[in-house]
Amino acid sequence: MMHQPSKPRRKVVPAPTANGAESADKLDLLLLSSAICNGEDIGPFVRKAFASGKPETLLQHLRHFSRSKESEIEEVCKAHYQDFILAVDDLRSLLSDVDSLKSALSMSNSRLQSVAQPLLASLDAFVEARNVSQNVNLALSSVRTCLNLIEICSRANSHLSSGNFYMALKCVDLLETELLDKTPSSTIKRMLERKIPEIRSHIERKINKEFGDWLVEIRFVSRNLGQVAIGRASAARQRDEELRMKQRQAEEQSRLSLRDCVYSLEEEEDEDLVSGFADDGGDGYGQGNGGTNSLGFDLTPLYRAYHIHQTLGVEQKFKQYYFENRRLQLTSDFQVSSMTPFLESHQTFFSQIAGFFIVEDRVLRTGGGLITKFEVENLWETAVSKMCSVLEDQFSRMQTANHLLLIKDYVSLLGVTLRRYGYPVDALLEVLSKHRDKYHELLLSDCSKQITEVLSADKFEQMLMKKEYEYSMNVLAFQLQTSDIIPAFPYVAPFSSTVPDCCRIVRSFIEDSVSFMSYGGHLDFYDIIKKYLDRLLGEVLDGALLKLISTSIHGVSQAMQVAANMTAFERACDFCFRHAAQLSGLPLRMVERTKRKFPLTTSRIAAEEMLATLLKTKVDGFMILLENVNWMADEPSQNGNEYVNELLIYLETLVSTAQQILPADILKRVLQGVLSHISEKIVGALVDDSVKRFNVNALIGLDVDVRLLESFADNLSPLIAEADAGQLKSSLAEARQLVNLLLSNNPETFLNPVIRERSYNKLDYRKVVTVSEKLRDPSERLFGTFGGRGAKQNPKKKSLDTLIKRLRDVS
């Protein structure tokens with residue numbers, strides 16, 4: 001039986017012996033002993049001892065402490081000796097139990113070893129197999145990683161070979177971001193780290209080369225693109241012109257009250273063919289058409305390059321590169337060759353610029369921010385400024401109206417084309433408007449030369465038309481016809497070939513003028529057209545006709561033809577103003593309300609005056625025969641004097657010719673002047689000093705002459721109005737009134753103001769005095785008072801004497 005151990009006592013550190021003054025060694029011994037007793041770490045004491053170089057002191061303190069403890073142990077052993085003996089006995093008995101337990105454990109271990117040996121072998125095999133499996137799995141994982149990596153590399157190579165750079169870049173990005181760090185092979189990893197930047201650089205070089213090729217190609221494509229777009233605008237304009245032509249025809253039919261009009265409904269074509277390529281909505285990249293639209297330009301290389309640079313992370317760099325290259329191309333397009341006339345190169349020049357901005361509009365709308373609206377507007381402002389400068393320079397050099405019109409038409413088509421894309425073209429139209437006056441001055445100059453050539457080539461012969469198409473081309477085309485009935489052919493027109501030739505020149509002027517003013521920003525330009533048309537007719541044509549009349553007319557037939565032409569010109573002028581209004585889009589009813597002065601009035605008056613002058617000269621040749629009249633005839637002439645018979649034959653021949661070409665009003669005015677001249681000549685013959693005296697028989701002969709002339713005038717009533725025939729007859733009033741006065745039984749009635757105003761208003765009293773004195777017999781005046789004294793005086797003679805006396809008193 002084991003004794004319970006006694007309660008352990010607290011370890012007491014022996015108190016230091018009080019010895020006078022305590023030294024430092026004793027204090028250290030005390031501290032060391034206290035630390036050991038309390039189980040504290042004595043490391044600081046050891047470090048301190050070695051640090052101070054006194055390890056021997058520490059050993060001494062430890063030995064001293066050990067000796068002090070040995071005595072304490074001895075005391076303890078003495079106090080517990082009996083318990084110690086009991087404990088030894090217990091230990092000996094325990095030792096035997098331990099031996100038996102050890103034998104049992106050894107036997108159990110032997111049995112366990114024999115039983116667990118196969119199990120341990122299996123466990124070792126399992127562990128080894130598991131390690132192999134882990135290694136195999138790791139190897140398989142590495143192999144799969146490598147296979148995936150190699151597959152992606154192969155796919156990237158395939159994309160590179162096929163030019164599918166975007167997918168190649170996606171493969172490279174996948175390798176770099178997900179597989180590169182997981183690559184088990186350091187060799188493959190180093191290879192990828194070296195090749196990935198090279199692949200990106202290769203792709204960038206290839207795509208830049210493709211983009212450079214596209215830049216070269218798009219410049220040539222832009223020219224064709226601009227030509228096609230402007231051509232479509234021209235076709236649309238032509239369709240509009242045809243539609244307006246049909247509208248004008250319908251308006252003309254309505255104006256003429258034609259009830260049998262045929263109406264048809266036509267399908268309207270696409271009102272904006274250009275919208276087919278302006279708003280097709282494609283993005284130009286990655287779609288079914290590969291970025292190619294109806295105009296045949298392909299933006300796929302551009303968008304592909306832009307997409308690749310976005311993938312490469314250098315989007316801003318590519319944007320700047322694109323803008324700079326396109327700006328340089330535009331600057332190059334502004335170059336105008338000095339070796340080629342601008343008339344030949346202007347279409348290429350403007351179509352190149354048009355194609356450029358059509359492309360830029362597409363890029364702006366579908367490029368995904370490749371170019372901004374602000375950049376396109378800057379490019380357009382630069383282009384407009386340059387085009388205006390070029391036009392100003394070229395227009396200032398041009399001296400041919402047709403050249404200026406050709407360029408203006410193409411520029412206006414350019415404006416129409418680019419306005420569809422939202423580009424402002426007002427500056428270009430202002431340049432065209434600025435040169436409006438110069439163009440019309442050149443056009444007037446050209447027309448003046450053409451009119452001069454036409455007039456100088458005129459043979460003053462009536463125009464012969466053998467076929468209906470000639471009639472349509474020369475008469476109906478300018479509304480020169482006087483009847484709606486088509487005449488029989490061959491047809492002799494009352495005018496010469498000058499009229500339709502000049503009409504063609506004027507019509508061409510109107511059409512060229514309208515063409516210049518159309519599509520130039522002016523909506524209502526009829527007043528402008530009319531102003532220049534008035535100048536053409538009132539200055540150019542009228543001046544040329546005046547010059548022709550004054551220099552080239554030498555015969556009655558020529559003057560008559562020119563006068564007939566003036567009538568045709570009057571109808572033609574009405575046509576010209578209507579034609580100008582129609583082409584200007586002005587309703588005819590508004591034009592027809594306006595009363596216009598005939599612009600060729602001066603020429604018409606000059607032509608009639610020239611005809612009248614020539615006729616009077618011809619008449620003067622017949623009036624010379626008045627010298628052959630027997631003024632002291634024994635018997636009166638019953639059939640008229642010789643001069644009047646010759647004159648009537650000429651006048652009748654003249655009328656038969658003139659009535660075929662001259663209108664009745666002109667014929668009346670001309671004959672009125674001729675008859676008035678004849679009347680003046682008859683009176684002038686009586687007044688002239690060459691006729692010293694004449695008797696009543698001669699006077700009766702003159703009365704017969706005047707009646708023949710009056711009968712000639714009356715016979716013209718079928719040709720002209722009856723009132724006009726009366727006016728013709730009144731042209732002989734002076735001769736008729738003088739003959740009537742001298743043959744009247746009471747000439748003194750001339751002194752009565754009422755009677756004179758009614759019956760003798762054309763007579764000059766001075767001429768009456770002169771002629772009346774010649775009718776008196778001189779012998780009677782000298783000796784009548786002697787021989788006739790006491791005889792009854794003739795009342796007529798008395799009245800005539802009274803008239804002469806009274807008129808002398810007045811004078």
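Visitor: Leaving aside its neighbours within four places in sequence, which residues is histidine 677 in contact with?

Guide: In this predicted model, histidine 677 touches Lys616, Val619 and Asp620, once neighbours within four places in sequence are set aside.

Visitor: And where does histidine 677 lie?

Guide: Histidine 677 belongs to helix H22, which covers residues 664-687.

Visitor: Which side chain has a polar contact with histidine 677?

Guide: That would be aspartate 620: a polar contact of 2.5 Å links the two side chains.

Visitor: Is histidine 677 buried or exposed?

Guide: Buried. The relative accessible area of histidine 677 is 13%, and the cut-off for buried is under 20%.

Visitor: OK, switching to cysteines. How many disulfides are there?

Guide: The count is 0 disulfides.

Visitor: Why is cysteine 502 not in one?

Guide: Because the closest cysteine sulfur, in cysteine 503, is 7.2 Å from the sulfur of cysteine 502, which is too far for a bond. The pair would have to be within 2.5 Å.

Visitor: What about cysteine 573, how far away is the nearest cysteine sulfur?

Guide: It's 5.8 Å away and belongs to cysteine 576, and cysteine 573 is in no disulfide.

Visitor: Are cysteine 502 and cysteine 573 buried or exposed?

Guide: Cysteine 502 counts as buried, at 1% relative accessibility. Cysteine 573 counts as buried too, at 4%.

Visitor: Now some backbone geometry. Is the peptide bond from phenylalanine 489 to proline 490 cis or trans?

Guide: That bond is cis, and its omega is near 5°.

Visitor: Where does proline 490 lie?

Guide: In a loop. Helix H15 (468-474) comes on one side of that loop and strand E2 (491-492) on the other.

Visitor: What's up with phi at glutamine 479?

Guide: Phi is positive there, near 55°, and the residue is not a glycine. Glutamine 479 is also in the loop between H15 and E2.

Visitor: Is glutamine 479 buried, exposed or partly exposed?

Guide: Partly exposed, with a relative accessibility of 27%.

Visitor: And what is phi at phenylalanine 460?

Guide: About 55°, so to speak on the positive side, although phenylalanine 460 is not a glycine. Phenylalanine 460 sits in the loop between helix H14 (436-456) and strand E1 (464-465). With a relative accessible area of 12%, phenylalanine 460 is buried.

Visitor: Let's do helix packing. At what angle do the axes of helix H17 and helix H20 cross?

Guide: At roughly 15°, with the axes coming within 9 Å; H17 is residues 526-552 and H20 is residues 601-623.

Visitor: Does that make H17 roughly parallel or roughly antiparallel to H20?

Guide: Roughly parallel, because angles under 35 degrees count that way.

Visitor: Left-handed or right-handed crossing?

Guide: H17 passes H20 in a left-handed crossing.

Visitor: Which residues make the contact?

Guide: From H17 you get Asp542, Leu545, Leu546 and Ile549. H20 brings Thr602, Ser603, Ala606, Ala607 and Met610.

Visitor: Last topic, valine 768. Where is its place?

Guide: Valine 768 is in helix H27, residues 765-775. Valine 768 is buried, at a relative accessible area of 1%.

Visitor: Which residues is valine 768 in contact with, leaving aside neighbours within four places in sequence?

Guide: Leu738, Leu741, Phe750, Leu763, Leu803 and Leu807.

Visitor: And what separates the C-alpha atoms of valine 768 and leucine 742?

Guide: A distance of 8.9 Å, for two residues that are 26 residues apart along the chain.

Key. Residues numbered from 1 in each chain as written. Predicted model: local features only at pLDDT ≥ 70, side-chain atom pairs only at ≥ 80, totals over all residues. Heavy atoms only, no water. Buried < 20%, exposed > 50% of the residue type's maximum accessible area, 1.4 Å probe, protein only. Helix = DSSP H or I, 4+ residues; strand = E, 2+ residues; numbered from the N terminus. Polar contact = N/O pair within 3.5 Å; in protein donor to acceptor, adjacent residues only side chain to side chain. Contact = heavy atoms within 4.5 Å. Axes fitted to C-alpha atoms, helices over the stretch in contact; angles between N-to-C directions. Parallel < 35°, antiparallel > 145°, perpendicular 65-115°, else oblique. Left-handed = near helix turned anticlockwise from the far one by under 90°.
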